[in-house]
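Please open the structure in your viewer and keep the selection tool at hand. The stops below say what to select next and what is there.

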Amino acid sequence: MEKYLVPVEPSSEAPKRFQRHEWARSLIEVKGRFRRNYRHDLSALLTRSYSEVGVFPHLYHVDGVPCQTLRNRVISSVSYGEPPVPTSRQGISSLEFDTKGIYLVSVTKSGCLTVHDFESLYCQANDVLPYFEEDESKHVLHLSLRQQLDVVRWNPANQDEVACTSMKKNDVLIFDISYISSEPVEVLRTKRTVTVHGSDVHKGLTDIAFSTIDKSRLFASDTNGVVNMWDRRIGSLPCLELTTNSRSTINSIQLNLENQVVFGAGRHGIIYMWDLRGGRVSAAFQSHKEMCHPPITCWKLASMLERIGTLKAQSAIVTKEVHSINFDPSCPYQLAFHLDDGWSGVLNMYDFEVTHVHCPPPAWLNDSNVSADLLYLRKPSWLPTYSVYAVGSASTNGIHLLDFYPDTSSPCHVDYSEKEERDVRDKQNKFVPLTEAVTACAAHPLNDTIVAGTKHSSLLVISQRKQSF
């Protein structure tokens with residue numbers, strides 16, 4: 001064989017080395033630890049896999065009779081000589097999963113409170129025949145309360161309890177889903193009323209937050225710039241009021257991870273912070289006497305956004321109403337905010353700076369009805385483990401899956417540079433087109449399935465499509 005070999009003269013140049021990318025999964029098994037951005041890379045794969053897999057219209061009944069939400073939908077779509085139902089009285093206003101993801105609760109502007117069995121809902125979702133009537137026999141609870149409902153929350157300390165309220169009422173209705181009853185087991189009310197032109201008008205409640213440490217404490221923001229706190233062991237009236245320096249509506253409230261700090265945001269584009277530790281507030285908890293407490297600090301988002309030079313150079317930054325604030329469950333120091341013009345971002349609670357911003361095209365660019373959209377407070381949701389923020393679009397039918405990973409590798413980070421990324425395509429926000437306009441989102445706490453409520457009171461299931469082999 002040696003006679004067939006052609007001798008090669010030795011070269012003075014050093015041999016070229018080919019750089020090969022490391023196999024990430026193999027390195028995890030060898031080294032026993034994840035790369036710093038491994039979870040971020042997985043989130044990019046996850047967001048690209050989402051699509052609409054099921055649509056469930058609100059075609060439900062109470063005692064064999066169409067519920068109020070269904071009747072309003074029929075009247076709006078087909079005229080029977082009755083006046084059309086205003087847009088503000090239609091649509092799903094809020095929905096939320098319980099901590100284990102077994103049940104999903106939703107409320108509508110028409111006054112329906114429904115607790116769905118999520119497994120039944122998910123199994124009916126089908127990518128071939130997406131339109132199904134949900135099996136009403138699988139509902140845990142369906143009540144038509146004949147009043148506008150704007151928010152609903154599970155009690156994390158007692159998963160049999162759900163609380164709901166309305167921007168037109170000053171009471172919190174608490175229902176026990178372990179037994180079916182159209183009457184709440186407890187009703188909490190605010191003390192004061194607002195006088196308008198000589199008549200007493202109750203303060204409406206806009207959002208609810210339960211304490212995860214003390215099951216007796218409940219917070220609710222109102223339309224008069226106050227966050228009310230109840231101790232359910234004392235009575236039905238609040239024992240503490242967290243006040244602002246204005247009478248404007250607080251749309252959203254959040255408690256931090258230790259349940260020691262309350263955050264609120266609303267109509268004037270300001271985020272307020274109240275500390276429940278020490279001082280007069282501590283005495284209020286001990287003596288259970290009514291006390292008013294101002295915020296220890298506040299941030300005006302428009303001023304903070306103006307500090308971002310690249311954003312200010314491209315956009316006219318004006319004060320906008322805050323629709324919602326949410327803490328990132330996988331990164332507790334990230335407080336996300338969503339504005340009425342569709343902008344979203346993250347406020348870092350360590351240095352109190354805006355670190356992430358997403359600015360979609362304005363609604364008027366797509367000839368959408370901006371005035372009708374302002375009737376809804378859009379309520380986004382974090383995915384439980386990937387720092388991905390699911391936001392209903394303000395201009396088109398669909399949701400934005402925003403990469404808010406706490407690092408400059410996030411495409412929404414204010415210091416993001418495409419030149420530093422090896423593959424920019426892997427780090428992009430995802431828009432998922434849907435059949436209806438979204439008002440609220442909720443992410444499953446275990447499998448990252450997203451359920452969205454729409455302006456037509458439908459539930460949209462957004463997940464990975466089923467494939468047959």
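**Starting at Y350**

Select Y350, which counts as exposed because its relative accessibility is 66%, where the cut-off for exposed is over 50%. The model on screen is a predicted one. Y350 is found in the loop between β25 and β26. Now add Q334, which is 16 residues away along the chain from Y350. The C-alpha atoms of Y350 and Q334 are separated by 8.7 Å.

**The sheet around that loop**

Select β23, β24, β25 and β26. These 4 strands form an open sheet in the order β23-β24-β25-β26, and the pairing is antiparallel. Which strands stand at the edges? They are β23 (322–328) and β26 (353–358); each has a single partner strand, so one side of each is left without a neighbour in the sheet. From one strand to the next, the twist averages 25°.

Next, show only β25 and β26. Strand β25 covers residues 344–348 and runs antiparallel to β26, with 5 bridges joining the two. To find a matching position across this pair, pick L347, which stands opposite V354 in β26.

**The largest nonpolar core**

V354 also leads to the next stop. It is among the residues with the most contacts inside the largest nonpolar core, together with F263, I271, W299, L305 and I325. This core has 24 residues. Colour the elements that give two or more residues to the core: β19 (261–266), β20 (270–275), α6 (301–306), β23, β24 (331–339) and β26. Which of the elements gives the most to this core? It is α6, with 4 residues.

Now centre the view on W299. Leaving aside neighbours within four places in sequence, W299 is in contact with F263, G269, I270, I271, M273, M304, L347, M349 and F352. Select F263, W299, F327 and F352 together: ring pairs link these residues into a cluster.

**Strand β20 and its partners**

From W299, move to β20. Is this strand mostly covered or mostly open? It is mostly covered, as 6 of its 6 residues are buried. To look at the two faces in turn, select I270, Y272 and W274 on one side, then I271, M273 and D275 on the other; all of these are buried.

Add β19 to the view. β19 and β20 pair in the antiparallel sense over 5 bridges, and A265 stands opposite I271 in β20. The two strands form a hairpin with 3 residues between them. In the turn, G269 has a positive phi of about 70°.

Then add strand β22 (residues 297–300), which is joined to β20 by 4 bridges and runs antiparallel to β20. Here the bridge partner of I271 is W299 in β22.

**Two aromatic pairs**

The structure holds 11 aromatic pairs. For one of these, select F97 and F118: the pair is edge-to-face, with 5.2 Å centre to centre and 80° between the planes. F97 lies in strand β4 (residues 92–97) and F118 in helix α4 (residues 118–124), so the pair ties together parts that are 21 residues apart in sequence. Both F97 and F118 are buried.

For another pair, select W382 and Y389. Their ring centres are 4.9 Å apart and their planes are at 50°, so this pair is tilted. W382 is buried, with a relative accessible area of 7%, and Y389 is buried as well, at 0%.

**A sheet that includes β1**

Select β1, β31, β32 and β33. These 4 strands form an open sheet with antiparallel pairing, in the order β1-β33-β32-β31. The edges are β1 (51–56) and β31 (438–443), and each has a single partner strand, so one side of each is left without a neighbour in the sheet.

Within this sheet, strand β32 (residues 450–454) pairs with strand β33 (residues 459–463) in the antiparallel sense over 4 bridges. Pick G453 to see it opposite L459 in β33.

**Zooming out**

Finally, show the whole protein, with its 8 helices and 33 strands. Of its 469 residues, 53% count as buried. The accessible surface comes to about 23,600 Å², and 51% of this belongs to carbon and sulfur atoms.

Conventions:
Residues numbered from 1 in each chain as written. Predicted model: local features only at pLDDT ≥ 70, side-chain atom pairs only at ≥ 80, totals over all residues. Heavy atoms only, no water. Pairing = 2+ DSSP bridges. Axes fitted to C-alpha atoms, helices over the stretch in contact; angles between N-to-C directions. Buried < 20%, exposed > 50% of the residue type's maximum accessible area, 1.4 Å probe, protein only. Areas by Shrake-Rupley, 256 points an atom, 1.4 Å probe, with all protein chains shown as cover. Core = buried A, V, L, I, M, F, W, Y, C linked by side-chain atoms within 4.5 Å. Contact = heavy atoms within 4.5 Å. Phe/Tyr/Trp six-rings, centres within 6.5 Å; stacked < 30°, edge-to-face > 60°.
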